[in-house]
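User: I'm new to this one and would like a close look at a single part. Could you walk me through the place where the ligand sits?

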Amino acid sequence: MIILAIESSCDETSVAILKGEREILAHVLVSQIDIFKSFGGVVPEMASRNHVSVITKLIDEALNQANIQPSELSFVAVTKGPGLIGSLLVGINAATAFAYAHHIPVIGVNHLAGHIYSANLVQPFEFPLLALLVSGGHTELIYMHDHMSFKIIGETLDDAVGEAYDKVAKMLGLGYPGGPLIDQKAFLGKDTYQLPRPKLESHGLNFSFSGLKSAVANIVGKEREKIDVNNMCTSFQSAVMDVIQYKLEKTYETYDVKQTIIVGGVAANKGLRMMLEKQFSSKNIIVPPLNYCTDNAVMIAAAAYHQYRLNPNFKDYILGGQANLSLD
Ligand code: KG4
Ligand code: ZN
């Protein structure tokens, strides 16, 4: 099975070609992060236009890199959501037009399933499995007893972790995206600010980050000139890590899992990786390499492989057709 996958749900345009379950034949990506730095965040209309200007070139580049003809592809996989609607439509339209021209089917893949399957590229899943998905839009604990079976056992009641990172970075006058910048500065300071650790005892495995974000906003509002940015980054990151550690410990009290995967943009966080190594060394924890944590098309292809394998009748197809398939 050879899959061409397209991801364009936010500000990264990416195309990948995957052979079988995890052989990456091509991976190309254009990020708009530099464009949005001066805006302090993604401007959806600009993001859509920028996707349009690069997407066909990236499809050609991926085919060249893989040395593959379109006729050799089994199908096209494209992120169908969640994401910015204008950005998603660019990917979906490009995927559909390309597939129509080459008489191959298209299947729509959930972006979050994609993030989860980024870990299966590194090491085969062992079930039951716990996924901690931490991105700009989502914070979820997901229990999987088998491939493509997702049970959400905890989620954020307000801000996602990545969103809290980005908003705190903005308050501190750091750039966009805030996560990596806070992560860097967190290693230069000390945990001096008394920030809350919202553990939500009565809310089971759910998270809340808005109180922590507001606590930073209050201190910044009162002491703007005196703020020690490095110390605030250290304090914020250590509060976030305490909450994540606590929720993982709680999860392990109830769920006996063979593997834990940490996925999504915030999985790139060095403080998180260090905390996991220190506190959960006895657990089988998989964190994908940095370039597969943030948005990319390889993870979409990786999820599509199992989505198709389990449902070859294409319940999720966008464009039908006779698939050219074998499972190797
Ligand atoms: O998964 P992703 O690329 O896009 C979404 O689907 O949301 O995640 C982007 C998020 C942003 O909020 C960004 O600040 C955060 O991931 N992020 C980080 C780090 N690298 C990216 N957060 C904390 N530490 C990092 N090193
Ligand atoms: Zn994402």
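Analyst: One term before we start: a polar contact here is a pair of N or O atoms within 3.5 Å. Keep in mind that this is a predicted model.

With that cut-off in hand, take Asn-269. An N or O atom in the side chain of Asn-269 sits 2.9 Å from a nitrogen atom of ligand 1. Asp-183 does something along those lines: an N or O atom in the side chain of Asp-183 is 3.1 Å from a nitrogen atom of ligand 1. Then there's His-111, with a polar side-chain atom 3.2 Å from an oxygen atom of ligand 1. As for how much of the ligand is covered, ligand 1 on its own would expose 550 Å², and the protein buries 88% of that.

Now step back to the whole shell. There are 18 residues around ligand 1, and the ones that come nearest are His-115, Gly-136, Asp-166, Gly-265 and Asn-269. Sorted by character, the shell splits into 11 polar, 4 nonpolar and 3 charged residues.

Where do these residues come from? Three helices each supply at least two of them: H4 (111-117), H5 (161-171) and H6 (178-186). H6 gives the largest share, with 3 residues.

Why does ligand 1 lie between two domains? Both domain 1 (2-116 + 295-316) and domain 2 (124-287) give residues to the shell, so ligand 1 lies between them. The space that ligand 1 takes up is also the largest pocket.

While you have the model open, a few backbone details are worth a look. Helix H4 turns up again here: Pro-128 is in the loop between H4 and strand E6 (129-134). The peptide bond leading into Pro-128 from Phe-127 is cis, with omega near -5 degrees. Another cis bond runs from Gly-81 to Pro-82, with omega near -5 degrees. You'll find Pro-82 in the loop between strand E4 (75-81) and helix H3 (85-101). On the other side of E4, the loop between helix H2 (44-66) and E4 holds Asn-67. Phi of Asn-67 is near 55 degrees, a positive value in a residue other than glycine.

Methods. Residues numbered from 1 in each chain as written. Chains lettered and ligands numbered in written order. Predicted model: local features only at pLDDT ≥ 70, side-chain atom pairs only at ≥ 80, totals over all residues. Heavy atoms only, no water. Near = heavy atom within 4 Å. Polar contact = N/O pair within 3.5 Å; in protein donor to acceptor, adjacent residues only side chain to side chain. Areas by Shrake-Rupley, 256 points an atom, 1.4 Å probe, with all protein chains shown as cover. 1 Å grid on protein atoms, 1.4 Å probe; cavity = no way out; pocket = protein on both sides within 12 Å on 5 of 7 lines; lining within 4 Å. Sits in = over half its atoms within 2 Å of the grid points. Helix = DSSP H or I, 4+ residues; strand = E, 2+ residues; numbered from the N terminus. Nonpolar A, V, L, I, M, F, W, Y, C, P; charged D, E, K, R; others polar. Domains from an automatic or database assignment.
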